[in-house]
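Colleague: Please walk me through this model, and show me how each term is earned.

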Amino acid sequence: MKPVIAAAAALACMTPALALAAEAPRGYPLKPVRMIMPNAPGSGTDTLGRIVAHGLGETLGQQVIIDNRPGAGGTLGMEIGRNANPDGYTVIFASPPALTVAPFVQRRQPFDPMKDFEYITTIGVTPNVLVVSPSSGIGSVAELIDMARARKGAINMASAGPGSQSHLAGALLLSLGRFESLHVPFKGGAAVPSVMTGESHWSINPAPSVIGLLKTGKVRAIAQTLPKRTALLPDMPAVAETVPGYSYSAWNGIIAPRATPGPILVRLREAVIAVMNRPDTRSQMAAQATDILVTTPEEFRRMVQETITNNVKLVKALGLTAE
Amino acid sequence: MEALLANLLTGFTVAVTPTNLALCLTGCLLGTLVGVLPGLGPTATVAMLMPVTFSLEPTGALIMLAGVFYGSQYGGSTTAILVNLPGESSSVVTCLDGHAMARQGRAGAALAIAALASLFAGTVTTAAIALGGPAIASIALLFQSADYVAVIVLGLVAAIVLAHGSVAKAIAMIVLGIFLGLVGTDLTSGEQRYTFGIDALFDGVGFVPVAMGLFGLSEVMLNLEARAASGDLARLRDRLWPTRADVRQAAPATVRGTLLGIALGILPGGGSTIPSFAAYSLEKKLARDPARFGRGAVEGIAAPEAANNAGAQAGFIPMLALGLPPNAIMALMVGAMMIHGIQPGPQIIAKQPELFWGLVASMWIGNLMLVVLNLPMIGLWVRLIELPYRWLFPAIIVFCCIGVYSLKNAASEIVIMAVAGLVGYVLRKLDCEPAPLLLGLILGPMLEENFRRALSVSGGDFSVFVTRPISATLLAFSAVLLAIVLLPAVRRGREQLRE
């Protein structure tokens, strides 16, 4: 009996100690921090997350471990993140598909993006790039629109699957540019290769997955999706120059389960900002065609709300909701 | 030719620096380890190692990551042969004849053949990358949806050949596999199909848990059942090394497996699993006595092992030459290169000759290292299965669970494996082969996806399948193969009727 009692007593003593440590950022973090990644290893988002986690580990003096929880459009990972102990030892690497699309295309809404999480800061914005196959003869957004209107529906748009960034970015262009194009969904990364083979005519995809292919000459980038031109992609016009008001790029950021103590959130935010200011992070992010952007929690929250509004509108118009 | 030699010299100079040799060895060792541990795959390992490579020099980083990948192809066959448990999905077919040989007490010979076939394939594939990387890579860009449909149809027809029992049961198993493949999110509409609202099924039924359940767990159950009567399963009766006759049979199969592996490995989604299935079917079709397959035919080990290694390494061709990653691991490698500011693509050979040729040279060195590492281990491995089964089987089950869990860090995968284990037990009692089911599970979703896409792009016109030359040729070939398989069965049926 005795050892059991002793163990229980030891536990009882430890619990308040741990609770104290969670309240005061002094000494935080005392153990490795888990960063939930609702994306598969090797995906573009995963790569960005690993760059941040690596720097964050050095800044915090404790390892930050990426915990890949892909599945159901990111819902599985987001749910695990929401249900995690809000003690500052679980953070989530958030991106628009998991946070602002997946919860609105399922029969039951699995989590509430605005209520279930504490927002820490964004880390960057990654533009998408509109690519066309060289054999299509399309050289600009205006030419794409003209050709699609002239050949009604005979121009194909490849996407990374229904509800993907690539699909929604394309759908927004169809709607703002007022033209039609046959949607051809692919699984994950196969959309751009289909443009390279000439099977599809155009596709909008995250810049990091595309820029390496441009030099092959088998695919041509005609525009990017930020509202303005960017130094990351010099000589590439913005879609908005032809279709005013067009903007569809992906932010990434760090969030935590609701009720994570405020001081810890502040500590994490300072650490992330320090990482994002490091020259090596800057050059690694630039190699991923990602513009570094840090925000206040309120700004981040507003960005998410805005993205949700836009994406829900698109998802409903495309009939992707379960109801 | 002189330029090639000069390039190879550059490559070897880079690859044999002490740091790079050490990194290559580290990668190969890690790869062998994750290969031996069932389920724990190279993708997760490469992902975990990625931050380590931030601080390395890019060539060294790639050398190590590449070592993990092809190292796992060596390791994966070990458990397949010894305990009928595919360490990697690409070693599933190695179970068929490899484990049969182990049961006959010839585990040592089986392991040696697997390692040597892999070495041969690795060497040839490395040479192919060096000689014609960019030219080979552009073949991948000739394939459109309709052509993929034809490739898959050919694969499914070949699956019928895979089984060594009745054709009817083989077809039933393929169809069952295709049905399982229908579970998940519909690619065109985003609708859920047969998921019963279970989140874990939204992305479909995973191949690895099903393969491990069907082969590994059902094997454990059958062994426990059989052991009530007999002693422990595989005593080493023979000498460790393959006989001269083994080598004579394995050599041509290795060559064919290698070529097939390269051809299929460069296609997007090819990887190393499909080539291994394809190579096995091909050998069985070519064999004078197909009945030997599944009962310890050396060709049935040599060909798929050559094919999976060739397939794994051929994946580097489109990745390096076009910047197109054909599978998740190559995508991770592209990520690792981009972090160092290197853009994979056609210029990489001209702009970064040290990196390209260094990697090529390291692959050859790595393959040699793996054989040197693996051959002396064979004696140790073989002794491992002489352990009493009551100690071995709990360990097998624990490693299966760890491995499957690590795929998606999800307990649901373990449940899927357990269910597949039970189903596998029943199927094997009914003399139904699990291999065609797995092929159906892989190819079914690909077939549907490409079929629907081909028709969508053609505006519903079925003629795309016969007007595209690649597709037409492959479909014609499938029809011929199907006729060859079915005709003897029809004839036999008639003969039976007459009697």
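Modeller: Let us start with A:R258, which is found in the loop between β10 and α9 (262-277) of chain A; helices (H or I, at least four residues) and strands (E, at least two) are DSSP runs, numbered from the N terminus. This is a predicted model, where local features need pLDDT of at least 70 and side-chain atom pairs count only at pLDDT 80 or more, while totals for chains, interfaces and linings use all residues. Residues are numbered from 1 along each chain as its sequence is written, with chains lettered from A and ligands numbered from 1 in the order in which they are written.

Colleague: Why is A:R258 called exposed?

Modeller: A residue is exposed if 12 or fewer other C-beta atoms, placed from the backbone, lie within 10 Å of its own, buried if there are 20 or more, and partly exposed in between. A:R258 has 12, so it counts as exposed.

Colleague: What does A:R258 touch beyond residues up to four places away in sequence?

Modeller: Its contacts (C-beta atoms, placed from the backbone, within 7 Å) are A:P86, A:D116, A:F117 and A:E118. A:E118 is 140 residues away in sequence, yet the C-alpha atoms are 5.1 Å apart.

Colleague: How do you know that β4 and β10 of chain A are paired?

Modeller: Strands pair if DSSP finds at least two bridges between them. Eight bridges join β4 (117-126) to β10 (250-257), and the two run antiparallel, so the pairing rule is met. A:E118 stands opposite A:A256 in that arrangement.

Colleague: What makes β2 and β11 of chain A edge strands?

Modeller: The open sheet has six strands in the order β2-β1-β3-β10-β4-β11, with mixed pairing. β2 (64-68) and β11 (291-292) each pair on one side only. Helix α2 (44-60) of chain A packs on this sheet, and its direction makes about 155° with that of β2; such angles run from 0 to 180 degrees between N-to-C directions, with axes fitted to C-alpha atoms, for helices over the stretch in contact.

Colleague: Why is helix α5 of chain B said to be largely enclosed?

Modeller: Of its 12 residues, 11 are buried, so the rest of the structure largely encloses it. Among them are B:V92, B:L96 and B:H99.

Colleague: How do you know that the length of α5 of chain B agrees with what a helix should span?

Modeller: The expected span is 1.5 Å times one less than the number of residues. For residues 92-103 that gives 16 Å, and the end C-alpha atoms are 17 Å apart, which agrees.

Colleague: Why do A:D235 and B:Y194 get different labels for exposure?

Modeller: A:D235 has 6 C-beta neighbours inside 10 Å, so it is exposed. B:Y194 has 13 and therefore counts as partly exposed. Neither is a glycine, yet phi is positive in each: about 65° for A:D235 and near 50° for B:Y194.

Colleague: What makes you cautious about parts of chain A?

Modeller: The pLDDT, the predictor's confidence in each residue from 0 to 100, averages 88 for chain A, with 91% of the residues at 70 or above. Over residues 1-24, however, it is below 50. Where pLDDT is low, the predicted coordinates should not be read in detail.

Note on methods:
Two residues are in contact if their C-beta atoms, placed from the backbone, lie within 7 Å.
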